[in-house]
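Here's a quick tour of a protein model, written for someone just starting out. Take a look at the picture, then read on.

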Amino acid sequence: MDRLHLTDLYFAEARSKLIDLAAFLDRIERSDGTDDFRIKSLRAALNELGKPGPEKAKKILLVLSDPTEKPVPEAGTKSASGAWSGF
Amino acid sequence: MRYIEPHAHMISRVTDDYAAMVTAGCRAVCEPAFWAGFDRSSAQGFYDYFCQLTDYEPRRAAQFGLPHYSWLCLNPKEAENLSLANDVLAMIPAFLDRPNVLGIGEIGLNKNSRNEVAVFEKQVDLAVRYDQMILVHTPHLEDKWKGTRLIVDVLKNNRGIDPARVIIDHVEEHTVDVVLDAGFWAGITLYPQSKCTPARAIDMVEVYGAQRIWLNCACDWGQSDPLAVPKTALEMKRRGHSEEAVDRLVYENPIQFLSQNPKFQLDEIGWEDKCRAAQK
């Protein structure tokens with residue numbers, strides 16, 4: 001499928017998601033408090049989005065991932081937050 | 001269209017979901033053991049769960065002519081309790097001969113803890129000892145990349161493992177190559193938020209090819225869609241993929257992997273008999 005057809009198929013959806021993301025950051029910045037590791041990670045991931053080149057999804061997932069290699073001593077919790085707390 | 005749902009937690013779904021899946025073309029459903037949403041208080045809770053997966057749930061599916069298969073294990077979210085894990089692992093071999101049990105799964109990691117890794121290694125050993133196929137769960141979100149690499153290391157360090165008989169599930173763009181390059185099968189899970197959308201799943205198939213990949217919905221009691229696989233098949237057609245390419249990905253591929261266990265059969269005559277038995 002060529003670029004025009006892919007644009008026809010997905011542009012409206014991508015536009016909607018982009019505006020949702022912008023509105024989310026506006027909402028965060030109107031609120032009291034400071035960015036935690038999740039918002040800091042999200043802002044770093046947005047930098048990847050603006051760079052040219054392939055594998056943007058992979059690069060953003062890596063920004064949002066725990067980069068360490070060894071098992072942690074204890075699980076602590078069962079849930080995931082979506083960003084690495086050490087960011 | 002026709003498809004196999006290779007990963008669905010049907011015990012947490014209503015009976016209407018079975019009807020919808022069969023209406024959409026589902027020809028078989030496979031249910032790995034998972035976390036109940038709360039920690040079980042004893043190994044006896046797992047015994048009851050394994051009975052549900054191997055007895056009650058196949059009969060519920062049979063009411064709609066749908067073959068139901070299961071995978072058994074202790075899930076990684078309950079692996080911090082080593083005493084409980086040992087008791088549950090000791091119980092599993094007695095269930096492996098049941099007619100709908102395909103192997104050990106979904107084992108793996110959740111928060112990448114030492115105990116999770118230790119229990120994962122024990123369950124891999126159990127699978128090797130009993131010549132079972134393996135279905136692996138990879139961690140969620142920020143823990144997935146690290147966990148997937150730990151999982152692949154454990155599997156590669158076990159000389160009894162044949163990568164062709166192991167599927168590592170819930171891959172995303174940053175882990176799919178880690179899994180495929182090591183020779184394992186890769187599962188792409190279609191979730192509204194926390195895993196993969198239909199469009200991204202098709203992107204990965206276009207980039208990496210359709211070999212050794214299956215799609216699944218992994219529907220459970222959380223936000224999930226039991227019809228995610230047929231909806232993704234529809235999305236593939238919108239993207240210009242042929243009927244044959246769609247069929248290969250959502251029907252032939254899972255059959256190719258699952259048929260390595262001779263218990264996996266799409267024997268409609270046999271299942272009609274089971275339907276009748278279930279309705280009595």
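Let's start with how chain B is wired together: among its contacts between residues at least 6 apart in sequence, 74% join residues at least 24 apart. Keep in mind that this is a predicted model. It has two chains to look at here, and 25 residues of chain A are in contact with 26 residues of chain B.

**Chain B overall**

- Chain B has 10 helices and 8 strands.
- Its radius of gyration is 18 Å, which agrees with the value near 19 Å that a compact globule of 280 residues would have.
- If you boxed up the C-alpha atoms of chain B along the principal axes, you'd need roughly 50 × 50 × 30 Å.
- Of the 280 residues in chain B, 51% count as buried.

**Chain A overall**

- Chain A has 3 helices and 0 strands, and read along the sequence it follows the pattern α-α-α.
- Why is chain A said to be more spread out than a compact globule? Its radius of gyration is 16 Å, and the globule rule gives 12 Å for 87 residues, so chain A comes out well over that value.
- The C-alpha atoms of chain A fill a box of roughly 50 × 35 × 25 Å along the principal axes.
- Buried residues make up 13% of the 87 residues in chain A.
- The domain assignment splits chain A into domain 1 (1–33) and domain 2 (34–65 + 81–87), and the C-alpha centres of domain 1 and domain 2 of chain A lie 16 Å apart.

**Where the chains meet**

- To recap, 25 residues of chain A are in contact with 26 residues of chain B. On the chain A side, the elements giving two or more residues are helix H1 (3–30) and helix H3 (56–63).
- Which element gives the most to that side of chain A? That's H3(A), with 4 residues.
- Sorted by class, the side of chain A that touches chain B has 14 nonpolar, 6 polar and 5 charged residues.

**The nonpolar cores**

- In soluble globular proteins, nonpolar side chains tend to be buried together.
- The largest nonpolar core here has 84 residues, and those touching the most other members include Val29(B), Leu72(B), Ile134(B) and Val250(B).
- Zooming in on Leu72(B), and skipping residues up to four places away in sequence, you'll find that Leu72(B) touches Ala33(B), Phe50(B), Leu53(B), Ile92(B), Phe95(B), Val101(B) and Ile104(B).
- Apart from the largest core lies another core, of 6 residues, among them Leu61(A), Val63(A), Ala83(A) and Trp84(A).

**Two residues to find in chain B**

- Leu53(B) is in helix H2 (residues 43–62) of chain B. Is Leu53(B) buried or exposed? It has 26 other C-beta atoms within 10 Å, so Leu53(B) is buried.
- Leaving aside neighbours within four places in sequence, Leu53(B) is in contact with Glu31(B), Ala33(B), Ser70(B) and Leu72(B).
- Leu53(B) and Thr232(B) are 179 residues apart along the chain, and their C-alpha atoms are separated by 27 Å.
- Asn253(B) sits in helix H9 (residues 243–258) of chain B. With 20 other C-beta atoms within 10 Å, Asn253(B) is buried, because the cut-off is 20 or more.
- Not counting residues up to four places away in sequence, Asn253(B) touches Ala210(B), Ile213(B), Trp214(B) and Arg248(B).
- The C-alpha atoms of Asn253(B) and Leu266(B) are separated by 14 Å, and these two are 13 residues apart along the chain.

Terms used. Residues numbered from 1 in each chain as written. Chains lettered and ligands numbered in written order. Predicted model: local features only at pLDDT ≥ 70, side-chain atom pairs only at ≥ 80, totals over all residues. Buried ≥ 20, exposed ≤ 12 C-beta atoms within 10 Å, placed from the backbone. Contact = placed C-beta atoms within 7 Å. Nonpolar A, V, L, I, M, F, W, Y, C, P; charged D, E, K, R; others polar. Rg over C-alpha atoms; globule rule 2.2 N^0.38 Å. Core = buried A, V, L, I, M, F, W, Y, C linked by C-beta atoms within 7 Å. Domains from an automatic or database assignment.
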